[in-house]
Amino acid sequence: MKLSDFDFDLPEALIATRPARPRSSARLLVAQGTSLGAPIKDASVIDLTRWLGAGDRLVINDTKVIPARLFGTRERLGETGLTQSSMEVTLLSPTASGGWSALIKPLRKIRDGEEIAFAAGLRATLVSRSDGQAELAFNLEGDAFEAALNEAGAMPLPPYIAAKRAADEQDKTDYQTVFARQTGAVAAPTASLHFDEALLAALAAAGVAFSYVTLHVGAGTFLPVKVEDVTTHKMHAEWGEVTPEAAAEIAATKAAGGRVIPVGTTALRLIESAAKPTGQIAPWQGETDIFIYPGFEFKVADGLMTNFHLPKSTLMMLISALMGQERVMEIYKHAIDTQYRFFSYGDSSLLLP
């Protein structure tokens, strides 16, 4: 398997910079079967009940995205007087010591022990640095930290959107799922962005069940694959949890012959991580760096609802493991030819091998 096997040409005009409104009006590509030429149908997300019904279980990632981009000022009193430097901080993940791992631009203009002041009374001290990343200690914690961060921070839009426009207040709603409960992600589980009250009501009426798991999506989800032999790629680690309740629900669905369909690659990676030791879904908590590429044997997932992914990304490799690499290229050619919108704010697909 070579990196080039997962490449394709995407017209830039198909990269979505705002979501569909209402959320469930986004387009839905439904691909059934792994054989070339198997059915591909065009629908809308609100039409999910045409393919899902009683006995099916959707697995949802309930992580909550924090407004992780902060803009502040570093002040320094030196021989020439008070100097200031503008700083851009992107929070990455909490540290064991209670601080945050972060990216700082420009990192070279701040010394260890110096402070950065943000809006809403939020301040951070640079504790240490390593491999281009910094560890920050904030002056607030708990609810006070969350309130100040919500006021001072901006949503960490993916690079391909941020390059086109700055995040704004609308993104604090748009880039958050209706399921968001557990604070800690710096990127959204974007397949779930399509769910709204109308869709939830339709699914409930059709008898579709839901289970909730948590995977705090990190900025590493946007890191490019740089090796030509994809099997040598090192995945980033993310913290996740499958509760005893969720594991029992998923196991019961499998035992009854129902389908377990994760909403998003994050939920899929988590439940397959939880099943990795024994082949059976079980309660699980910890860091996962599971890398799913063609040849992977799925233990839990019977399908996947997911948005359209970046060329040469680990997510293209994941869906190729599920559907087959040639089949995925056929699906993506159809999506491009029929003008589906791509990436985080784009349209969605339902992949049923």
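**Figure 1. Arg-181 and Tyr-212 in the predicted model.** Here Arg-181 lies over the face of Tyr-212, and the distance to the ring centre is 4.1 Å. Keep in mind that this is a predicted model.

**Figure 2. Arg-27 and Tyr-340.** A second arginine to look for is Arg-27, placed over the face of Tyr-340 at 3.8 Å from the ring centre. Tyr-340 also belongs to an aromatic cluster, together with Phe-8, Tyr-160, Phe-308, Tyr-332, Phe-342 and Phe-343.

**Figure 3. The rings of Phe-179 and Phe-210.** Searching the whole structure gives 17 aromatic pairs. In the pair of Phe-179 and Phe-210, the ring centres are 6.3 Å apart and the planes meet at 40°, so this pair is tilted. Phe-179 sits in the loop between α3 (171-174) and β11 (182-185), while Phe-210 is part of strand β12 (residues 209-215), so the pair ties together parts that are 31 residues apart in sequence. Phe-179 and Phe-210 are both buried.

**Figure 4. Helix α8 and its surroundings.** Helix α8 (residues 325-337) contains 13 residues. From its first C-alpha to its last it reaches 18 Å, close to the 18 Å expected at 1.5 Å a residue. Its buried residues are Arg-327, Val-328, Ile-331, Tyr-332, Ala-335 and Ile-336; Tyr-332 is also a member of the aromatic cluster shown with Tyr-340. What covers the buried residues of α8 includes strands β1 (27-32), β2 (40-44), β16 (304-307) and β17 (348-352), along with helix α7 (314-323). Following α8, you will find Gln-339 with a positive phi, near 65°.

Methods. Residues are numbered from 1 along each chain as its sequence is written. This is a predicted model: local features need pLDDT of at least 70, side-chain atom pairs count only at pLDDT 80 or more; totals for chains, interfaces and linings use all residues. Side-chain values use heavy atoms; hydrogens and water are left out. Rings of Phe, Tyr and Trp (its six-membered ring) pair if their centres lie within 6.5 Å; planes under 30 degrees apart count as stacked, over 60 as edge-to-face and the rest as tilted. Helices (H or I, at least four residues) and strands (E, at least two) are DSSP runs, numbered from the N terminus. Buried means under 20% relative accessible area, exposed over 50%, partly exposed in between (1.4 Å probe, protein chains only). A charge sits over a ring if NZ of Lys or CZ of Arg is within 6 Å of the ring centre and within 35 degrees of the ring normal. The expected span of a helix is 1.5 Å times one less than its number of residues. Contact means heavy atoms within 4.5 Å.
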